[in-house]
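Reader: I'm new to this one and would like a close look at a single part, the place where the two chains meet. Could you walk me through that, and then through whatever else in the neighbouring chain helps me get my bearings?

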Amino acid sequence: MSDPLVQTVVAALAEVKHVPPERITLDTTFAELGMDSLDTVTMLFELETRLEVTIPDEAAKSVRTVRDVVDGLRGLTANASPQTASSAS
Amino acid sequence: MNGSRRVAVTGVGAVSALGRNAAETWSALSEGRSGIARIESVDTAGLRFRNGAEVRGFDPSEHFDPVRLDFLDRFAQFALVAAREALADSGLRISGDLSERTAVYTGSSLGGQTTEDAGFVDLYRRGTNRMHPLSIPRVMANAGASQISMEFGLTGPACTISTACSSSNHAIGHAFWMVRSGLVDLAIAGGSEAPFSHAHLKAWEAMRVVSPDTCRPFSADRRGVILGEGAGFLVLEPLDAAMARGARIYAEVAGFGMSSDAHHLTQPTSSGPARAMRAALGDADLAAEQVGYVNAHGTGTRSNDPAETRAIRDVFGPHADKLAVSSTKSMHGHALGAAGALEAVATVLALHHGVVPPTANFTTLDPECDLDVVPNEARAVRLEAALSNSFAFGGLNAVLAFRAPA
């Protein structure tokens with residue numbers, strides 16, 4: 001979890017749901033976090049602010065896990081480190 | 001519980017993306033013509049959506065002298081123009097005791113937020129360190145009600161209801177109850193909204209519910225709401241008084257029902273809307289089978305349309321398959337606090353003309369929205385009664401029931 005992009009996503013989710021970041025991993029699902037539609041748009045707002053990117057509505061629709069978010073952001077952020085994207089375990 | 005008086009709609013007025021008055025608006029509604037187009041009043045370069053349902057060709061100076069205009073935000077201008085039309089249409093001239101016995105009820109979600117936005121731009125961006133002295137009276141959400149009261153010298157009950165997208169239905173419903181119960185002898189009721197400012201559009205963008213193209217309620221490929229603006233107003237009076245003076249009776253307001261989801265700020269339920277529809281039918285003494293048309297809330301979001309479909313099926317049972325259900329937001333956009341009022345005008349005129357306006361921009365049916373949504377073309381139908389649904393963010397539901405004139 002040293003990947004800065006993963007850390008950013010975890011930090012954003014931790015802030016939105018008011019949970020300790022240690023409880024969030026790449027495999028955590030939105031359902032486990034109790035994310036609803038308003039939480040999701042708030043998370044996207046946090047990520048757009050922190051990463052200085054614009055996340056299109058369409059790209060945001062299919063995300064269900066932390067990994068989905070990280071994978072989706074790879075394509076949007078120039079400074080993401082690609083080698084950590086597939087280190088699933 | 002029914003009061004003793006029946007309540008007639010004897011005047012209608014509208015300003016919308018479909019036209020500058022009720023006749024133009026109805027003409028577009030009955031032809032299935034959408035008013036959705038590129039947004040012109042706000043620079044959309046930095047926005048993820050480009051389209052809206054703006055009122056076009058509205059020149060305030062045609063309606064107000066320059067001194068009066070200084071006091072009027074766009075949303076209050078719309079309110080006055082539509083209320084003037086409704087009152088003129090009713091043929092009533094209010095004077096004497098009736099002035100004290102006339103209620104004014106307006107709905108607005110946002111008040112004069114274009115004025116507020118412009119003031120904040122001056123203050124924060126331009127560093128003017130001052131706000132215009134008329135900012136407060138222009139921005140207040142009750143400006144429409146106050147301006148209508150002042151213009152026509154109406155000294156009876158007047159107030160504004162702000163319940164987001166249900167504002168106007170709550171306003172018309174309460175005005176109806178006032179007339180029915182005999183607390184007043186006349187009401188001018190409706191709502192207005194002017195939501196097109198840069199900051200407000202950015203706030204909608206962040207919610208990710210605005211369609212990047214058009215509004216396709218109940219279609220499988222629907223992509224969200226299209227914001228609209230304008231005003232709608234009705235003149236409500238006791239049926240016997242309307243008949244005694246030989247007034248044109250467009251329809252009766254038959255009932256009003258409300259409920260609260262008590263669930264979530266933005267996620268709809270089907271149980272809350274169903275309870276509001278049942279309450280409206282009960283208040284109207286209408287059986288479900290008497291209803292031929294439902295003007296749906298029908299926002300065109302992924303969430304609303306299936307939830308509303310389930311609610312309609314729950315309330316109407318097998319009769320749901322015989323109902324015409326359309327969302328006129330596909331044409332006049334989602335006018336927020338004015339939505340219920342524009343849809344009330346549409347529903348009243350549907351009963352009056354025996355024509356159901358369609359759901360425009362329809363492509364293919366979503367199996368989760370498997371109602372007769374009157375796709376793309378208006379339909380001539382003999383209607384006995386109709387409902388008009390409004391379901392607000394915050395879970396506040398308001399449903400009006402109308403009956404065709406006898």
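Author: Here is a walk through the contact between the chains, followed by a few spots inside chain B.

First, some housekeeping: this is a predicted model, so local features need pLDDT of at least 70 and side-chain atom pairs count only at pLDDT 80 or more, while totals for chains, interfaces and linings use all residues. Residues are numbered from 1 along each chain as its sequence is written, chains are lettered from A and ligands numbered from 1 in the order in which they are written, and side-chain values use heavy atoms, with hydrogens and water left out.

Now for the meeting place. On the chain B side, 10 residues are in contact with 12 residues of chain A (contact means heavy atoms within 4.5 Å). The size of an interface is often given as the accessible area lost when the parts come together. Here chain B and chain A bury about 940 Å² between them, and 46% of that is on carbon and sulfur atoms (buried area is the accessible area, taken with a 1.4 Å probe, that two parts lose on being put together, summed over both). Within chain B, the residues losing the most area to chain A are Arg48(B), Arg208(B) and Arg223(B), which together make up 54% of what that side buries.

What about charges? There are 5 salt bridges between chain B and chain A (a salt bridge is a side-chain nitrogen of Lys or Arg within 4 Å of a carboxyl oxygen of Asp or Glu). By class, the side of chain B that touches chain A has 4 nonpolar, 3 polar and 3 charged residues (Ala, Val, Leu, Ile, Met, Phe, Trp, Tyr, Cys and Pro count as nonpolar, Asp, Glu, Lys and Arg as charged, and the others, Gly among them, as polar). The interface also has 7 residue pairs in polar contact, both at pLDDT 80 or more (a polar contact is a pair of N or O atoms within 3.5 Å; within protein, one must be able to donate a hydrogen and the other to accept it, and residues adjacent in sequence count only if both atoms are side-chain atoms).

Let's zoom in on Arg48(B). One of its partners is Glu48(A), with the closest N and O atoms of that salt bridge 3.4 Å apart. Another is Asp57(A), at 3.2 Å from N to O. That second pair crosses between chains, running from helix α4 (residues 57-60) of chain A, where Asp57(A) sits, to the loop between β2 (37-38) and β3 of chain B, where Arg48(B) sits (helices, H or I with at least four residues, and strands, E with at least two, are DSSP runs numbered from the N terminus). Asp57(A) counts as buried because its relative accessibility is 17%, whereas Arg48(B), at 22%, counts as partly exposed (buried means under 20% relative accessible area, exposed over 50%, partly exposed in between, with a 1.4 Å probe and protein chains only).

Asp57(A) also forms a salt bridge with Arg208(B), at 3.1 Å from N to O. This pair crosses between chains as well, with Arg208(B) in the loop between α9 and β7 (230-238) of chain B. Both Arg208(B) and Asp57(A) are buried.

There is a salt bridge inside chain B to look at too: Glu40(B) pairs with Arg56(B), the closest N and O atoms being 3.3 Å apart. Glu40(B) is in the loop between β2 and β3 and Arg56(B) in the loop between β3 and α2, so the pair ties together parts that are 16 residues apart in sequence. Glu40(B) is exposed at 60% relative accessibility, and Arg56(B) is partly exposed at 33%. Back at the interface, salt bridges with shared partners join Glu48(A), Asp57(A), Arg48(B) and Arg208(B) into one network.

One last stop in chain B is Asp366(B), in the loop between β11 (355-356) and β12 (379-380). With a relative accessibility of 6%, Asp366(B) counts as buried. Its side chain reaches the backbone nitrogen of Glu368(B) at 2.8 Å. Leaving aside neighbours within four places in sequence, Asp366(B) is in contact with Phe218(B), Ser219(B), Ala220(B), Arg222(B) and Arg302(B).
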